[in-house]
Amino acid sequence: MAGKPIIKVAALCGSLRKGSYNRGLLRSAIEISKESIDGMQIEYVEVSHLPMINTDLEVDGKYPSAVEEFRQKILRADSVFFASPEYNYSVSPVLKNAIDWASRPPNVWAGKAAAVVSAGGDLGGGRAQYHLRQSGVYLDLHFINKPELMVRAFQPPAKFDQEGNLIDPQVKENLKKVLLALHDFSLRLVGRA
Ligand SMILES: Cc1cc2nc3c(=O)[nH]c(=O)nc-3n(C[C@H](O)[C@H](O)[C@H](O)COP(=O)(O)O)c2cc1C
């Protein structure tokens with residue numbers, strides 16, 4: 001009998017900030033998946049070193065090596081988990097840049113399940129989430145609809161410590177629900193449920 005299927009998840013953060021709350025959400029997601037979600041492996045995928053999108057860098061059908069490596073990591077993943085800050089009501093340039101590189105032919109996002117969470121100001125980064133979902137339509141990236149997690153990072157009580165670690169038990173619980181929904185949807189998309 002085949003072993004239990006493992007869903008491999010690529011985790012991307014849209015913030016370069018050392019104490020980023022959004023990267024804190026990813027760290028917590030990785031911890032939760034290891035501790036309590038059977039069959040889900042989340043790998044943090046760095047995007048900060050990618051060159052700015054420029055099709056002049058595509059030579060003889062090849063991408064710059066950092067971009068090739070990044071694209072391979074996305075390709076190997078069953079699904080994608082984004083933690084996106086909201087910059088001027090949209091996703092941050094660093095995340096958009098990574099999305100653009102992986103959308104170049106062949107589009108390596110296509111057919112994967114995805115989820116997005118965010119930490120930010122008054123709407124907890126919700127407007128960035130909805131812009132990202134819109135890009136997902138073009139990319140054939142299939143976002144879970146619910147649950148949504150938008151963390152209002154600046155409302156008391158503190159949700160994160162000074163290093164950006166998530167410290168709020170309720171947010172952790174809600175984060176786990178998002179991960180379980182992503183796991184379930186990923187299994188359905190890869191035909192294992
Ligand atoms: C250039 C810039 C634009 C921003 N625009 C928004 C915004 O439109 N809405 C919002 O709620 N917060 C906005 N913020 C605040 C960030 O969402 C907030 O600082 C968040 O904590 C950043 O995520 P991080 O902690 O992961 O770095 C902006 C911050 C920067 C630097």
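Which of the 15 residues around the ligand come nearest? In this predicted model, the nearest of the 15 are Ser15, Ser20, Asn22, Pro85 and Gly121. Two elements, helix α1 (21–36) and strand β4 (113–120), each give two or more residues to the shell around the ligand. By residue class, the shell comprises 6 nonpolar, 6 polar and 3 charged residues.

Strand β4 was examined further. Of its 8 residues, 8 are buried, so β4 is largely enclosed by the rest of the structure. In a regular strand, side chains alternate between the two faces of the sheet. In β4, Ala113, Ala115, Val117 and Ala119 point one way, while Ala114, Val116, Ser118 and Gly120 point the other way. The residues of both sets are buried.

The pairing of β4 with other strands was then considered. Strand β3 (residues 79–83) pairs with β4 in the parallel sense, over 5 bridges. Within this pair, Ala113 of β4 has Ser79 opposite. Between β3 and β4 the chain passes through helix α3 (residues 93–103), and the resulting β-α-β crossover is right-handed.

Strand β4 also runs parallel to β5 (residues 142–143), to which 2 bridges join it. Here Ala113 has His142 of β5 as its bridge partner. Ala113 thus stands opposite Ser79 and is also bridged to His142 in β5. A further 4 bridges join β4 to strand β6 (residues 149–152), again in parallel. In β6, Arg152 is the bridge partner of Gly120, a residue of β4 that is itself buried.

Note on methods
Residues are numbered from 1 along each chain as its sequence is written. This is a predicted model: local features need pLDDT of at least 70, side-chain atom pairs count only at pLDDT 80 or more; totals for chains, interfaces and linings use all residues. A residue is near a molecule or strand if its C-beta atom, placed from the backbone, lies within 6 Å of it. Ala, Val, Leu, Ile, Met, Phe, Trp, Tyr, Cys and Pro count as nonpolar, Asp, Glu, Lys and Arg as charged, and the others, Gly among them, as polar. A residue is buried if 20 or more other C-beta atoms lie within 10 Å of its own, exposed if 12 or fewer, and partly exposed in between; C-beta atoms are placed from the backbone. Two strands pair if DSSP finds at least two bridges between them. A crossover is right-handed if, with the strands pointing away from the viewer, the path from the first strand over the helix to the second runs clockwise.
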